[in-house]
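Me: Could you take me through one loop residue up close, and then the packing of the rest of the fold? I'd like the cut-offs as you go.

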Amino acid sequence: MNRKERIKSIISKFFLKYEINVIDESIKHQGHNNFDGTQETHFKIILKNKEKVNLKKIEIHRKINALLSEEFLNGLHALEINIEN
């Protein structure tokens, strides 16, 4: 399983009421800090609320960062999180 699939799997277990899209944007960062664009280091996560959920954006960001802590220790460098209601 590649990192994109792992991220989606990890997040999906907690954010059941969201449509989740995980985008690998590593290629956009080719040349930055010696990244060649193939290392699965930069991702964008888009969460779209399927139902009305009472979670604040900051709570969602904190939870995602906590859920992906192991990925950050193993090469995940940057994460952009967009939340659509």
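Reply: Serine 26 and the core

Serine 26 is buried, with a relative accessible area of 1% (buried means under 20%, exposed over 50%, partly exposed in between, using a 1.4 Å probe and protein chains only). Keep in mind that this is a predicted model, where local features need pLDDT of at least 70, side-chain atom pairs count only at pLDDT 80 or more, and totals for chains, interfaces and linings use all residues. Residues are numbered from 1 along each chain as its sequence is written, and side-chain values use heavy atoms, with hydrogens and water left out.

Serine 26 sits in the loop between β1 and β2 (strands are DSSP E runs of at least two residues, helices H or I runs of at least four, numbered from the N terminus). Its side chain makes a polar contact of 2.6 Å with that of aspartate 24 (a pair of N or O atoms within 3.5 Å; within protein, one must be able to donate a hydrogen and the other to accept it, and sequence-adjacent residues count only if both atoms are side-chain atoms). A polar atom of the serine 26 side chain also lies 2.8 Å from the backbone nitrogen of threonine 41.

Now the packing. The largest nonpolar core has 15 residues, and Ile11, Phe15, Ile45, Leu47 and Ile64 touch the most other members (such a core is a set of buried Ala, Val, Leu, Ile, Met, Phe, Trp, Tyr and Cys residues joined through side-chain atoms within 4.5 Å). At least two of its residues come from each of α1 (3–12), β1 (18–24), β2 (42–49), α2 (57–67) and β3 (78–84).
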